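Q: Please take a close look at a single part of this structure and explain, for a reader new to it, how that part is built into its surroundings.

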Amino acid sequence: MATEQESQGAIRDSSRSGPYVTAVRWMENLSETAFAYFLLAPALLLLLVIAIYPLVTTFGMSLFADAISGSASLGEFVGIQNYVELLTNQKSYALPAPFLPTSLTVGGIVSSALGVTLIFTIVSVFFETIIGFAQALVLDQDFRGRRWIRVAIIIPWAVPIVIQGMIFFLLFQPGIGFLVGTSQNPSLLNQLGIIGTTPLVNTIDSLLIITVADVWKTTAFMALLILAGMQSIDRSLYDVARVSGASPWQQFKLITFPLILPTIMVAMLFRTIAAMRVYGIIETTTGCQTVPSLSCLVVSSFSSRTYGTAATVAFVTAAIIGVVVSIYIVKFADAEGGF
Amino acid sequence: MATDTGQSNQQNTGIGEDRPLKRGPLSKWVSSSIQNPERAYRAMFYVATVFFLFTTLFPFYWLLVLALTPQNLLTNVGLVPNGFNPMSFVTVFERVPFHIYMFNSLVLGIMTTVIVLLLASLAGYVFGRLRFPGKAPMMLAILAISYFPPAAFLIPLFELFTGNVAVPLLGTSLVFGEQLYLNSPDLFNTPWAMVLPFSALFMPLSIFILTTFYGQIPDGLEDAARIEGTTRLGALFRVIIPLSAPGVATAGVLTFISVYNEFFFSFLMNNGEAQNWAPLVGGIIGLQGQFDTPYHLMAAASIIGVLPVAILVIVAQEKIVSGLTAGALKE
Amino acid sequence: MGDVKLEHVSKHYDDVTAVDDMNVQIRDGEFVCLVGPSGCGKSTTMEMVAGLTMPSEGTIHIAGHEVTNLPPKDRGIAMVFQNIALFPHMDVYDNISFGLRLRDYDKEEIDRRVEKASDVVQLEGMLDRMPDEMSGGQRQRVAIARAIVRNPEVFLMDEPLANLDAKLRVHMRTELQRLHKELDTTIIYVTHDQAEAMTMSDRIAVLDSGQLQQIDPPLTCYNEPANLFVAGFIGSPAMNFVEGEVTENGFRSENLDVEFDPARMGVNVGDQVTLGIRPEDVYPADDGRTLSHPTAEIETVSDVLEPMGDEIFIYLLLADDVETNLEETASNNQLLMSVDPDSDITEEQDVDVVLDRSKIHLFDTNSGQALQHGLVNPTTAESTTGTEAESDD
């Protein structure tokens, strides 16, 4: 066999030529580092144009005043004045709602962008974590029909935001459903004092509805992540625990919980980031006037062509998210180190 | 013990330990639960399952109730439809070209998924299998980009996609005596105005999933492929990606669902008309007429709109869970 | 044809030198084993020949062409991996024909070659199986078929038998030798198992700490190890070493003396040397009388006996006082002897032994280099080669 080496049927690559072969040869001779950056180039280019360029531009815009005349998009350069005004709450002239609470009453807090966003984030992430954890525990069991229960629990997560908004709009729009009554004929929820008879234009009621809507949809995501964490726990640990006589509760307390705590922290981080940018569900359910979240401020000031202000709010929002992320990372490092 | 249940439970319980105690069904259940905690856990489990099923599924049921109720009876609707009017599912398509909006959504989802899988495969290969300086900072940077609110990208992207950004062409002032500019293409009302932001936004998650999967393929298989005659890229496409099919499927499904669900750019990067590539968002918001609010049609459209992703979830749920288990979280 | 030449090849990682100035020439059709402990650089060397790792310095030639910077596919090589590395998503036919299909061979040619290759490794009728439906040995055959089907200039085998069970390993060893005879192609074979290297190869290249220690035919490595490392690595159980010093009367250590004339053995009085002797070259005094060049009798005490069936390994303590020696069983005080199974030596018994002078090695203790193989007078050294058969027992 050795005598007919590479004799027939194929052309040896080294004897081929042409641009394709040249390109392949060039690529094969790249060093590992050069090859790595070569393959990353398309992804990095996309991120550069679609993410980094806009971020830099947005930051630049935030240093300019809003346009006064209709033709230019930006006014004069003002440095950090937009930030100063926003953070000292003197920007209300250009915004549909104040950035910081004007008073420390409940009404004052929820009608400010920062207040309503933080309350929404804390409450929704809290309930999503608790309920998502419970759902994950259910889904982790082995039982007949698990597949369909799992589908039922996951499905809200796959629902488009516009449909999620539509569902809760239709549930709480006065006059059509049984959840909201009239002052003559109050519904159960009205009688309990949970919501008023026009919940979609009342800020506190709307905040409640939006929180419930968000919990309904994204708890499933939380449950999925926590379930993934539970299923990656080494099953033999449970066998060891059972042999040592641990009850199911003890197994949960000593094995499941500590091992998925890091997963829960990561899942909460993801959810917190997403919750702080809440926009779509507000727009489709109650509208930005009723619940003025941070992203709502950006979009509405963008729509009224006050670009300098819009850019400032966008950047401050990103900065606040950055702060929250750092807090999580520090806490997460603590939790990791605790084991 | 089952025969004791029927008897009187008036009797005092302080009787000898060797005789079975006579109790009512509840106290009996409680005591047997204490002796046998499995039963209590089982019961809790069933209660929780039923509760979760109710809370997740009731809103869909409510959509169905409204969709089936004729428009003139849409007041104080209870737990069952006020009548039966399946025609609203047809009317949706007559009122707006809902099928085109759905088609647009599917096209946007597929385009984004293809782009994301291609770019994320290359990046996942790099992060999962190559060693090079700057790897960790670069992964962090890609993750950090997904922290920013879409609102922070909106204004420049809007300007970019409406053709309002002019890039100076280097050297043109020397050749032609005046500076020439290349205007950014007018992508507003085209799929690209949405597909590009979607791709950038959802690519990081896919990169992390694929990094984990590609990193788990044994080195020997890649080496074997290269010895047998593939290039480095050839080994990726002929061996690593086929072997990571579950991970690629997971990343694809997650990307598609994310695009289908997206609101921000779907709402703002087109004028809401079906012929201008407005997706589902435009279709549902477009139902709201100037003079009336057809709740039954909105409900019907919502049900129709959920169907594609519902089917996808039913088909791919195993993949979604196992894909996440395999490591999207470990990074 | 399939000759391989490595000239001044080195591989540095960030702060480690995996391979240090390697110079090797492998002739066409030769079967060369790279052996050494893990981390000695043998796998890195093979990866550089394969093109999976690029050398930091030096050049590599295969079949007369320089291939230092060529990708693996253009080197005319095939490789069999330790973890077998069959593509799990392809059946046997697709696995074997993978490389041919990449090179656009036409269908009949592929069929013909796959059939021939699967014939050679006895895989007939299994071409449509998936790898996970096969046993370890069958998978290894597929991997070999995948390598031979392309008629490469050089086969590279990276511990191909390491993951097989002991019985199958011995069987496959014979198969590989048969294959080598049949194909007559250059084979470079990496293993940490010196027995594999001894039985299969034309030459053994012993590596340690990234450096080539010796490259010679197996028996040369065994009988004339270039240094302490090779002497200790080749042969099982390992060679006995006793550290000592050269005096006017010969070798002297705490518990063992061997007389010779230093001037005639190429060593100087006062040199720190290590004496090496293989277990089978240590004899009980009464058996040793048949040797042509026995040493003086050495008093020892037997310690532990390891009966292997065909021979018995006896650990001998050189010092008189057994108690103290049990605590420090340093090799300096211990001698391993291999005797016939019918020997009546028992544990903790006084045993007088002699060493075969023609099989004694002297090494420089500091550099490890071999100074002398065989302590018989150089004039009679020729005749010692003739006594080899006898000393083999």
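A: The following account begins with one strand of chain C and its neighbours, and then turns to the other chains.

The model is a predicted one. Chain C has eleven helices and 21 strands, and its C-alpha atoms fill a box of roughly 75 × 45 × 40 Å along the principal axes. Of the 393 residues in chain C, 42% are buried. Considering contacts in chain C between residues at least 6 apart in sequence, 66% join residues at least 24 apart. A UniProt record, an unreviewed entry, places the feature "domain: ABC transporter" at residues 4–234 of chain C. Over residues 4–234 of chain C, the chain is 36% helix and 26% strand, and the end C-alpha atoms are 24 Å apart.

The part chosen for close inspection is strand β7 of chain C, residues 154–158. Five of the five residues of β7(C) are buried, so the strand is largely enclosed by the rest of the structure. In a regular strand the side chains alternate between the two faces of the sheet. In β7(C), C:V154, C:L156 and C:D158 point one way, while C:F155 and C:M157 point the other way. The residues pointing in either direction are all buried.

The strands paired with β7(C) come next. β6(C) pairs with β7(C) in the parallel sense, over four bridges. Within this part of the sheet, C:V80 stands opposite C:M157 of β7(C). β7(C) is also joined by five bridges to strand β8 (residues 186–191) of chain C, and these two strands run parallel. Here C:L156 stands opposite C:I188 in β8(C). The chain passes from β7(C) through α5(C) to reach β8(C), and this β-α-β crossover is right-handed.

A helix also belongs to this neighbourhood. Helix α4 of chain C comprises residues 136–148; at 1.5 Å a residue, its 13 residues should span 18 Å, and its end C-alpha atoms are 19 Å apart, which agrees. α4(C) is mostly covered, with ten of its 13 residues buried. Among the buried residues of α4(C) are C:R139, C:Q140, C:R141 and C:R146, together with C:V142, C:I144 and C:I148. The buried residues of α4(C) pack against β7 (154–158) itself and against α5 (166–183) of chain C. They also pack against β6 (77–80), α2 (92–102) and α3 (107–120) of the same chain. The packing partners of α4(C) thus include β6(C), β7(C) and α5(C), of which β6(C) is paired with β7(C) and α5(C) lies on the path from β7(C) to β8(C).

Another sheet of chain C offers a contrast in pairing. This open sheet of four strands has the order β2-β1-β4-β5 in chain C, and its pairing is antiparallel. β2 (17–26) and β5 (65–66) of chain C stand at the edges with a single partner strand each, so one side of each is left without a neighbour in the sheet. Within the sheet, strand β1 (residues 4–12) and strand β4 (residues 57–62) of chain C pair in the antiparallel sense over five bridges. The bridge partner of C:K5 in β4(C) is C:H61.

The remaining chains complete the setting. Between chains A and B, 77 residues of chain A are in contact with 73 residues of chain B. Helix α2 (residues 32–61) of chain A gives the most to the side of chain A that touches chain B, with 18 residues. The residues on that side of chain A divide into 57 nonpolar, 16 polar and four charged.

A UniProt record, also an unreviewed entry, assigns "domain: ABC transmembrane type-1" to residues 114–328 of chain A. Residues 114–328 of chain A are 74% helix and 0% strand, and their end C-alpha atoms lie 19 Å apart. One residue of chain A, A:V313, lies in helix α14 (residues 307–337) of that chain. A:V313 is buried, with 32 other C-beta atoms within 10 Å. Leaving aside residues up to four places away in sequence, A:V313 touches A:L86, A:L294, A:L297, A:V298 and A:S301. A:V313 and A:F99 are 214 residues apart in sequence, and 8.7 Å apart in space from C-alpha to C-alpha.

In chain B, helix α11 covers residues 245–261; at 1.5 Å a residue, its 17 residues should span 24 Å, and its end C-alpha atoms are 24 Å apart, which agrees. Since 13 of the 17 residues of α11(B) are buried, this helix is largely enclosed by the rest of the structure.

Notes
Residues numbered from 1 in each chain as written. Chains lettered and ligands numbered in written order. Predicted model: local features only at pLDDT ≥ 70, side-chain atom pairs only at ≥ 80, totals over all residues. Contact = placed C-beta atoms within 7 Å. Nonpolar A, V, L, I, M, F, W, Y, C, P; charged D, E, K, R; others polar. UniProt positions renumbered as here; feature names shortened; annotations may be inferred. Expected span 1.5 Å × (residues − 1). Buried ≥ 20, exposed ≤ 12 C-beta atoms within 10 Å, placed from the backbone. Pairing = 2+ DSSP bridges. Right-handed = clockwise from strand over helix to strand, strands pointing away.
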